[in-house]
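Me: Could you take me through how to read the strands, and then the ligand site, of this model? I would like the general idea before each case.

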Amino acid sequence: MAKDVIIACDFASADETVKFLDRLTRIRDEVVKCDDITVIPRPFVKIGMELFYAEGPQIIKTLKDRGHKVFLDLKLHDIPNTVKKTMKVLGEYGVDMVNLHAAGGIDMMTAAKEGLMLGAARLAEKPKLIAVTQLTSTDEETMHRELLIDRPLDEVVKQYALNAKEAGLDGVVCSAFEAAAIHEACGAGFLTVTPGIRLTKDGSDDQKRVMTPKEAKEAGSDYIVVGRPITAADKPNEAYSACLEAFK
Ligand code: C5P
């Protein structure tokens, strides 16, 4: 997978999602040949828990049939056997990227990868499995006070990324501010998928630390996840094009 912009489709229903995506046409020079038909790729999209639980697996089929790549952001965290069996189901859906919590440990992540590959056996391009290191809503103070983790946040994030790599995962969800350190620890090929992106520095909503697409590119992010700066823009097409242009 090449560097790309992933649009976070944080909508409440399939209808709303499809209506929004209908308004977007992908502006890029890249086309792919598929069975002698030239296809202009649709945007890579992220589906979160709200939309998946509201609409069920049909939403994945709807978006895949329309030509979108799909990152299913369900952040699994359970015992290894349960996660393995669940990942097998998600692999069968044909998702392109899926994630779990690194806090579940190496055994859980290894089992997840096995399950996902079993489910995706028929797919030529295997889905990427990505670990969430620390939620950006958890700061160092919360880790110390509530979770009794007394190490510095950046050390914890780095160790979780190393654990994910040991388990055979493809990368992590992290802040673009952490991308360089993770690449240094885990190698340049280990993917960093980074939310917390804003087109300008004004108005970061509830995101604590933000970067622009250009800054994220310079920081080494492999994928940027962009929600409201595109979905809530007056001109989503222009916002999406600006992200692509600055990042790719
Ligand atoms: O609208 P905005 O660009 O802030 O959306 C960012 C997306 O990335 C949301 O879907 C959010 O749930 C997700 N995300 C995040 N921070 C993380 C993990 C996921 O913002 N650490």
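**Reading strands and a ligand site**

Reply: Let us begin with strand pairing, bearing in mind that this is a predicted model. Four bridges join β1 to β10, and these two strands run parallel; within this pairing, Ile-6 has Val-225 of β10 as its bridge partner.

Me: Which other strand pairs with β10, and in what sense?

Reply: Strand β9, residues 191–194, pairs with β10 in the parallel sense over two bridges, and here Val-193 stands opposite Tyr-223 of β10.

Me: How should I read the two faces of β10, as covered or as open?

Reply: The general idea is to take the residues of each side in turn and ask whether they are buried, which means a relative accessible area under 20%. In β10, Tyr-223 and Val-225 on one side and Ile-224 and Val-226 on the other are all buried, so that both faces are covered.

Me: With which strands does β4 pair?

Reply: β4, residues 44–47, has both faces covered, with Phe-44 and Lys-46 buried on one side and Val-45 and Ile-47 buried on the other. Strand β1 (residues 4–8) pairs with β4 in the parallel sense over three bridges, while β4 and strand β5 (residues 70–76) also pair in the parallel sense over three bridges. Val-45 can be followed through both pairings, since it stands opposite Ile-7 on the one hand and opposite Val-70 in β5 on the other.

Me: Where does the ligand sit, and which residues surround it?

Reply: One starts with the pocket and then works inwards to the contacts. The ligand sits in the largest pocket, and the elements that give two or more residues to the shell around it are β10 (223–226) and α10 (228–231). Among the surrounding residues are Ala-8, Asp-10, Lys-46, Thr-136, Val-225 and Val-226.

Me: Which polar atoms of Arg-198, Gly-227 and Arg-228 lie by oxygen atoms of the ligand?

Reply: For Arg-198 it is a polar side-chain atom, 2.8 Å from a ligand oxygen, whereas for Gly-227 it is a polar backbone atom, at 2.8 Å from an oxygen atom of the ligand. Arg-228 places a polar side-chain atom 2.7 Å from an oxygen atom of the ligand. Taken alone, the ligand exposes 470 Å², of which the protein buries 84%.

Me: Finally, is Asp-150 buried or exposed?

Reply: Asp-150 counts as exposed because its relative accessible area is 64%, where the cut-off is over 50%. Asp-150 lies in the loop between α6 (140–145) and α7 (153–166).

Methods: Residues are numbered from 1 along each chain as its sequence is written. This is a predicted model: local features need pLDDT of at least 70, side-chain atom pairs count only at pLDDT 80 or more; totals for chains, interfaces and linings use all residues. Side-chain values use heavy atoms; hydrogens and water are left out. Buried means under 20% relative accessible area, exposed over 50%, partly exposed in between (1.4 Å probe, protein chains only). Two strands pair if DSSP finds at least two bridges between them. A residue is near a molecule or strand if one of its heavy atoms lies within 4 Å of it. A polar contact is a pair of N or O atoms within 3.5 Å; within protein, one must be able to donate a hydrogen and the other to accept it, and residues adjacent in sequence count only if both atoms are side-chain atoms. Accessible areas come from the Shrake-Rupley method with a 1.4 Å probe; for residues, only the protein chains shown count as cover. On a 1 Å grid over the protein atoms alone, a cavity is a set of points where a 1.4 Å probe fits but cannot get out, and a pocket is an open set with protein on both sides within 12 Å along at least five of seven lines; lining residues have an atom within 4 Å of a point. A molecule sits in a cavity or pocket if more than half of its atoms lie within 2 Å of its grid points.
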